[in-house]
Amino acid sequence: MTDITMGPAAMTVLRTTPRLLATLLLAVGLASCGESTAPGGGTRPPAQLRIIELAVNAPPLEADSVSFVATKGQGAEQRINFLLPGGEREEYLRFTLDGASLLARPDGTPIANGDTVHITLKVVDPRKVLFEFRPEGLKFDPAHPAKLRIDYGEANKDYNQDGIEGDAGDQVAENQFAIWRQPRVGDDFIQLGSFLSKDLEEIEAELTGFSRYAIAY
């Protein structure tokens, strides 16, 4: 019998293959569940970004804005909802802070435990999935970011706006959905790292500051 000796490179392949296989299986599993992640960091001028729109028959909003007082050291959660027949509500947007999220005011002043900040979340356009969060420039701790989740179940399913709803082009467009941030009106949009669940028709991202946010591609 001939002995076979493996060199360091071969042993490395054998050690990493199970991990690589697990990663590939996870990716396949996410894809089969209609879930994916989008990387952040890309920028695009407003004219080159397509913000998705609500369907013409989408239910009305319960309110187009919500305001609340957030306190450093306490978690908080606020929502903007659609109002359904019979007074039932359907979630459109959910914004969540943990107790350590608040970091600094727009002027850079640190926010201490017990300090409060008045926050407003507002729908910019009743037809577009576009929101404005104030005070503009509010900062969150990157280790404890705010969390934003948007439901696009009431969106116009002709995502690429070619006049044909639910075709292959719309599927391609949906696969590219991400939450995009616009620091100020007129600025380029910045793509945030986003988690997309097509099965649930919702998308999530972590926020480190306030500005405008949209689902777009």
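Arg79 counts as partly exposed, at 38% relative accessibility, a class that lies between buried (under 20% relative accessible area) and exposed (over 50%), as assessed with a 1.4 Å probe on protein chains only. The model is a predicted one, in which local features need pLDDT of at least 70 and side-chain atom pairs count only at pLDDT 80 or more, whereas totals for chains, interfaces and linings use all residues. Residues are numbered from 1 along each chain as its sequence is written, and side-chain values use heavy atoms, with hydrogens and water left out.

The side chain of Arg79 meets that of Glu77 in a salt bridge, with an N to O distance of 3.1 Å; the term denotes a side-chain nitrogen of Lys or Arg within 4 Å of a carboxyl oxygen of Asp or Glu. Glu77 is itself partly exposed, with a relative accessible area of 38%. Arg79 also forms a salt bridge with Glu91, the closest N and O atoms being 3.1 Å apart, and this pair links distant parts of the chain, since Glu91 belongs to strand 5 and Arg79 to strand 4, 12 residues apart. Glu91, at 17% relative accessibility, counts as buried. Glu77, Arg79 and Glu91 are linked with Arg94, Arg149 and Glu202 in a network of salt bridges. By the rule stated above, the count of salt bridges comes to 11. Another of them joins Glu62 to Arg89, with the closest N and O atoms 2.5 Å apart. This pair likewise links distant parts of the chain, with Glu62 in the loop between strand 2 (43-44) and strand 3 (65-71) and Arg89 in strand 5 (residues 89-97), 27 residues apart. Glu62 is partly exposed at 36% relative accessibility, while Arg89 is exposed, with a relative accessible area of 52%.

Several residues of the network can be placed within an open sheet of six strands, which has the order 1-13-14-10-5-4 and antiparallel pairing. Strand 1 (35-38) and strand 4 (76-83) stand at the edges with a single partner strand each, so one side of each is left without a neighbour in the sheet. From one strand to the next, the twist averages 20°, the axes being lines fitted to C-alpha atoms and the angles running from 0 to 180 degrees between N-to-C directions. Strands here are DSSP runs (E, at least two residues), numbered from the N terminus, and two strands pair if DSSP finds at least two bridges between them.

Strand 4 and strand 5 run antiparallel and are joined by eight bridges, in which the partner of Glu77 in strand 5 is Thr96. The two strands form a hairpin with five residues between them, and Gly86 in the turn has a positive phi of about 85°. Strand 5 is joined in turn to strand 10 (residues 146-151) by four bridges, again in antiparallel fashion, and here the bridge partner of Arg94 is Arg149 in strand 10. Strand 13 (residues 194-197) and strand 14 (residues 202-207) pair in the antiparallel sense over four bridges, with Ser197 having Glu202 of strand 14 as its bridge partner. Beyond strand 5, the loop that leads to strand 6 (102-104) contains Ala100, a partly exposed residue with a relative accessible area of 27%. The C-alpha atoms of Ala100 and Gln74 are separated by 7.5 Å, although the two residues are 26 residues apart along the chain.

A further open sheet consists of seven strands in the order 2-12-11-15-8-7-3, with antiparallel pairing. Its edge strands are strand 2 and strand 3, each of which pairs on one side only. Within this sheet, strand 8 and strand 15 (residues 212-216) pair in the antiparallel sense over three bridges, and the bridge partner of Phe131 in strand 15 is Tyr213.

Strand 8 (residues 130-134) also provides the largest share, three residues, of the lining of the largest cavity. A cavity is a set of points on a 1 Å grid over the protein atoms alone where a 1.4 Å probe fits but cannot get out, and its lining residues have an atom within 4 Å of a point. The count comes to one cavity of 30 Å³ or more, and the largest cavity has a volume of about 30 Å³, the volume being the space filled by probe spheres set on the points, which are joined across faces, edges and corners. Its lining is made up of Glu132, Phe133, Arg134, Glu136, Pro183, Ser211 and Arg212. By class, this lining has two nonpolar, one polar and four charged residues, where Ala, Val, Leu, Ile, Met, Phe, Trp, Tyr, Cys and Pro count as nonpolar, Asp, Glu, Lys and Arg as charged, and the others, Gly among them, as polar.

Terms used: On a 1 Å grid over the protein atoms alone, a cavity is a set of points where a 1.4 Å probe fits but cannot get out, and a pocket is an open set with protein on both sides within 12 Å along at least five of seven lines; lining residues have an atom within 4 Å of a point.
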